[in-house]
Amino acid sequence: MSIEVKVPVLPESVSDATIATWHKKAGEAVKRDENLVDLETDKVVLEVPSPVDGVLKEIKFQSGDTVTSQQVIAVIEEGAAAAAPAPAAAAPAASAPAAAPAAPKAAAAGNADLSPAGLRVATEQNIDASKVAGTGRDGRVTKEDLLNVGKGGSAPAAAAPAAKPTPGSRPEERVPMTRMRARIAERLMQSKNSIAMLTSFNEVNLAEVVKMRKALGESFEKANGVKLGFMSFFVKAAAEALKRHPLVNASVDGNDIVYHGYQDISIAVSTDKGLVTPVLRDVQDMSFADVERGIVDYAKKARDGKLGLDDLQGGTFTITNGGTFGSLLSTPIVNPPQSAILGMHAIKERAIVENGQVIAAPMMYLALSYDHRIIDGKDAVLFLVDIKNQLENPQRMLLGI
């Protein structure tokens, strides 16, 4: 019985997808729930699993082709068995003894720069990644490159090292944007061109947060199975401040202002393919442990390329942390249709004056970029001050004041 493999139902915000990588060839056996192909959308890479056991009878679209929701991309013959390979020619009677097989996992030394998923494939299939030309950013070898090599596929062998540029030469390389990178560029330009954006700044003394993490971090981890990080303090402080400053949690829809009675906070996460913003939903009802678990889960999904479209839909406010890369100050760009985004930065020990005394304190600059069409400067400043007050007195957010 022939079974059609279709593109998953795409949300209204995603009109089509691009065939990224086929993991099976026509004529190969497939198992139920085994990944057949990766589809790249504007936001995430989707895996399309086999619905049945059988043989991949036909592939209707090749890598690089554009497909739409529910379009048939392959046909599987259910229950069929793959054709047996042609028998090898008989070896001469006096053939030399076969060479001893290579020791398993001997190629591990060449696989140091792989992702965890890529390293697993390289180790299981004994592939030396240093001999594979990568198709990822900066020539990195991806999991898909290794899977293709393991199946005798199309990932080429690594080319010989390029000759060093001669003095006075001006080498260039032209690489097309990935679909996700092109979409990010489009949305950033849309934000800059359609929003009256302004940024306000403040600074926060994180001494009390540092003290609380030091005093309670070990007990928190034992009780909840997750570490107490800085991000949960900022997420919970933002949720409390958004309740008191609903304009910052609102969005513009034509000539209407939509006020959201919940706090769905997007957390910016950097991946090899670009910046994504998975959403923590109903943060107003979440505990610190819930927030930390949600962040850990999204970070793992992002690293493994497992974020789904539902993870990225919606969001009423965004937090981005450039401090993880050493940024001291920045002006983050609002993610439409949201009306504001909070930028965190590096924590630096700085001299400040407290009660007439000069002391060293862990300080961070905060930035709030906002849509000036609906948020006035006063609202933005009061919102930032609210977050500052909560972080400098963490017990306030526990009491909701």
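Start by selecting Pro337, which sits in the loop between strand 16 (317-321) and strand 17 (340-344). Strands here, and helices too, are DSSP runs numbered from the N terminus: E of at least two residues for a strand, H or I of at least four for a helix. Now add Pro336 to the selection: a cis peptide bond joins Pro336 and Pro337, with omega at about 10°. For background, most peptide bonds are trans, and most residues other than glycine have a negative phi.

Before going on, a word on what you have open: this is a predicted model, where local features need pLDDT of at least 70 and side-chain atom pairs count only at pLDDT 80 or more, while totals for chains, interfaces and linings use all residues. Residues are numbered from 1 along each chain as its sequence is written, and side-chain values use heavy atoms, with hydrogens and water left out.

**Two positive phi values**

Go to Asp33, in the loop between strand 3 and strand 4 (35-40). Its phi is near 75°, a positive value in a residue other than glycine. With a relative accessible area of 58%, Asp33 is exposed; the cut-offs are over 50% for exposed, under 20% for buried and partly exposed in between, using a 1.4 Å probe and protein chains only.

Then jump to Asn355, in the loop between strand 18 (348-354) and strand 19 (357-371). Asn355 also isn't a glycine, yet its phi is positive, at about 55°. Asn355 counts as exposed as well, at 75% relative accessibility.

**Two open sheets**

Next, colour strands 5, 4, 2 and 7. They make an open sheet of four strands in the order 5-4-2-7, with antiparallel pairing; two strands pair if DSSP finds at least two bridges between them. Strand 5 (45-49) and strand 7 (66-68) are the edges: each has a single partner strand, so one side of each is left without a neighbour in the sheet. Look along the sheet for its twist: neighbouring strands are turned by 40° against each other on average, direction ignored. That angle is taken between lines fitted to C-alpha atoms, for helices over the stretch in contact, and angles run from 0 to 180 degrees between N-to-C directions.

Zoom in on strand 2 (residues 16-22) and strand 7, which run antiparallel and are joined by three bridges. To find one of the partners, pick Thr18 and look across to Thr66 in strand 7.

Step along to His23, in the loop between strand 2 and strand 3 (29-30). His23 counts as buried, at 4% relative accessibility. Show side chains and you'll find His23 making a polar contact with the side chain of Asn35 (3.4 Å). A polar contact is a pair of N or O atoms within 3.5 Å; within protein, one must be able to donate a hydrogen and the other to accept it, and residues adjacent in sequence count only if both atoms are side-chain atoms.

For the other sheet, select strands 1, 8, 6 and 3: this open sheet of four strands has the order 1-8-6-3, again with antiparallel pairing. Strand 1 (2-6) and strand 3 stand at its edges with a single partner strand each, so one side of each has no neighbour in the sheet. Strand 1 pairs with strand 8 (residues 72-78) over five bridges in the antiparallel sense, and Ser2 has Glu77 as its bridge partner in strand 8.

**Into the core**

Now show Ile265, Phe317, Ile319 and Leu391. These have the most contacts inside the largest nonpolar core, which has 75 residues. Such a core is a set of buried Ala, Val, Leu, Ile, Met, Phe, Trp, Tyr and Cys residues joined through side-chain atoms within 4.5 Å. Helix 5 (residues 231-244) gives the largest share of this core, nine residues.

Centre on Ile319. Beyond its neighbours within four places in sequence, its contacts (heavy atoms within 4.5 Å) include Met231, Phe234, Ile265 and Leu342. Apart from this core lies another, of nine residues, among them Ala122, Val132, Val141 and Leu147.

**Last stops**

Lys227 is in the loop between helix 4 (207-224) and helix 5, and counts as exposed at 59% relative accessibility. Leaving aside neighbours within four places in sequence, Lys227 is in contact with Phe220, Glu221 and Glu292. Try a distance to Arg293, 66 residues apart along the chain: the C-alpha atoms are separated by 8.7 Å.

Finish on helix 8 (residues 377-392), whose buried residues include Ala380, Phe383, Leu384 and Leu391.
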